[in-house]
Amino acid sequence: MSSKVNILGVKVDKVNVNQASDKIIEFIKEKSKVASVFTPNSEIIMMGYRDEEFRNILNNSELLTADGIGVVYASKIVKNPIKERAAGYDIACATLEKLAKIGKPLKKIPLVDKAFHRVTGSTDYSKAPDNMKKTLVNMIESDKDLDFS
């Protein structure tokens, strides 16, 4: 079986949340390149089906996970099943937890800071939704003893 499943021309990786998180950490460790990660649901797959340029953007990403049970069901219909959905939020939480455990400084990942700012309008991590605060606090605690100069 392939490590990807072709659903209406969009090639989705057959990974679970843990595997996707591990791949993202590998991408972070490879400082020489930027990796694109998308987590399409059924509607995004349909957009890719209808729009070749958008489909090419999706297919050229380093990681494309099934963010929706509809994508999982579609993989079963084409007889190349994805075992479970790997939602973007779940992947992000798992990745942040793993980074905290290995001591990777959150502040040294500029896109995390930019994404946080875009969502909250601030770089003040205290403005994070309650369900993210614990992970963010753990990340910041792991940063305290690191030299940022």
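How many helices and strands does the secondary structure of the protein chain come to?

1. **Overall content.** This is a predicted model. The protein chain has 7 helices and 4 strands. Read along the sequence, the pattern is β-β-α-β-α-α-β-α-α-α-α. The protein chain has 149 residues, and 36% of them count as buried. Among contacts with a separation of 6 or more, 67% come from residues 24 or more positions apart.

2. **Helix 1 against helix 5: geometry.** Two packed helices are described by the angle between their axes and the distance between the axes. Helix 1 covers residues 17-29 and helix 5 covers residues 88-102. Their packing angle is about 55°, and the axes lie 9 Å apart. The pair is therefore oblique, because 55° falls outside the ranges that count as roughly parallel, antiparallel or perpendicular. Helix 1 passes helix 5 in a right-handed crossing.

3. **Helix 1 against helix 5: residues.** Helix 1 brings Val 17, Asn 18, Ala 20, Ser 21, Asp 22, Ile 24, Ile 25, Ile 28 and Lys 29 to the contact. Helix 5 meets them with Asp 90, Ile 91, Ala 94, Thr 95, Lys 98, Leu 99 and Ile 102. By class, the contact of helix 1 with helix 5 has 9 nonpolar, 3 polar and 4 charged residues.

4. **Thr 95.** Is Thr 95 buried or exposed? Thr 95 sits in helix 5. Its relative accessible area is 7%, so Thr 95 is buried, the cut-off being under 20%. A polar atom of the Thr 95 side chain lies 2.8 Å from the backbone oxygen of Ile 91. Not counting residues up to four places away in sequence, Thr 95 touches Ser 21, Ile 24 and Ile 25. Those three residues are among the helix 1 residues that meet helix 5.

5. **Ile 102.** Ile 102 is also on the list of helix 5 residues that meet helix 1. Ile 102 counts as exposed, because its relative accessibility is 52% and the cut-off is over 50%. Setting aside residues up to four places away in sequence, Ile 102 touches Ile 25 and Lys 29. Ile 25 is touched by Thr 95 as well. The helix 1 and helix 5 contact thus includes a buried residue, Thr 95, and an exposed one, Ile 102.

6. **Helix 2 against helix 3.** Helix 2 (residues 42-50) packs on helix 3 (residues 52-59) at an angle of about 120°. The axes are 5 Å apart. Helix 2 is therefore oblique to helix 3. On the helix 2 side, the contact holds Ile 44, Met 47, Gly 48, Tyr 49 and Arg 50. On the helix 3 side are Glu 52, Phe 54, Arg 55 and Leu 58. The class split is 5 nonpolar, 1 polar and 3 charged.

7. **Gly 48.** What is the relative accessibility of Gly 48? Gly 48 belongs to helix 2. The value is 0%, so Gly 48 counts as buried. Leaving aside neighbours within four places in sequence, Gly 48 is in contact with Val 10, Phe 54 and Arg 55. Phe 54 and Arg 55 belong to the helix 3 side of the contact with helix 2. Val 10 lies in strand 2 (10-13). Gly 48 and Asn 59 are 11 residues apart in sequence, and their C-alpha atoms are 9.2 Å apart in space.

8. **The loop between helix 4 and helix 5.** Helix 4 spans 69-77, and Asn 80 is found in the loop between helix 4 and helix 5. Asn 80 counts as buried because its relative accessibility is 11%. The side chains of Asn 80 and Lys 14 are joined by a polar contact of 2.5 Å. Lys 79 lies in this loop too. At 67% relative accessibility, Lys 79 counts as exposed. The neighbours Lys 79 and Asn 80 thus fall into opposite classes, exposed and buried.

9. **Positive phi values.** Most residues other than glycine have a negative phi. Lys 79 has a positive phi near 60°. Leu 8 has one of about 55°, although Leu 8 is not a glycine. Leu 8 is found in the loop between strand 1 (4-7) and strand 2 (10-13). Its relative accessible area is 41%, so Leu 8 is partly exposed.

Technical notes
Residues are numbered from 1 along each chain as its sequence is written. This is a predicted model: local features need pLDDT of at least 70, side-chain atom pairs count only at pLDDT 80 or more; totals for chains, interfaces and linings use all residues. Side-chain values use heavy atoms; hydrogens and water are left out. Axes are lines fitted to C-alpha atoms, for helices over the stretch in contact, and angles run from 0 to 180 degrees between N-to-C directions. Helices (H or I, at least four residues) and strands (E, at least two) are DSSP runs, numbered from the N terminus. Angles under 35 degrees count as roughly parallel, over 145 as roughly antiparallel, 65 to 115 as roughly perpendicular and the rest as oblique. A crossing is left-handed if the near helix is turned anticlockwise from the far one by less than a right angle, and right-handed if clockwise. Contact means heavy atoms within 4.5 Å. Ala, Val, Leu, Ile, Met, Phe, Trp, Tyr, Cys and Pro count as nonpolar, Asp, Glu, Lys and Arg as charged, and the others, Gly among them, as polar. Buried means under 20% relative accessible area, exposed over 50%, partly exposed in between (1.4 Å probe, protein chains only). A polar contact is a pair of N or O atoms within 3.5 Å; within protein, one must be able to donate a hydrogen and the other to accept it, and residues adjacent in sequence count only if both atoms are side-chain atoms.
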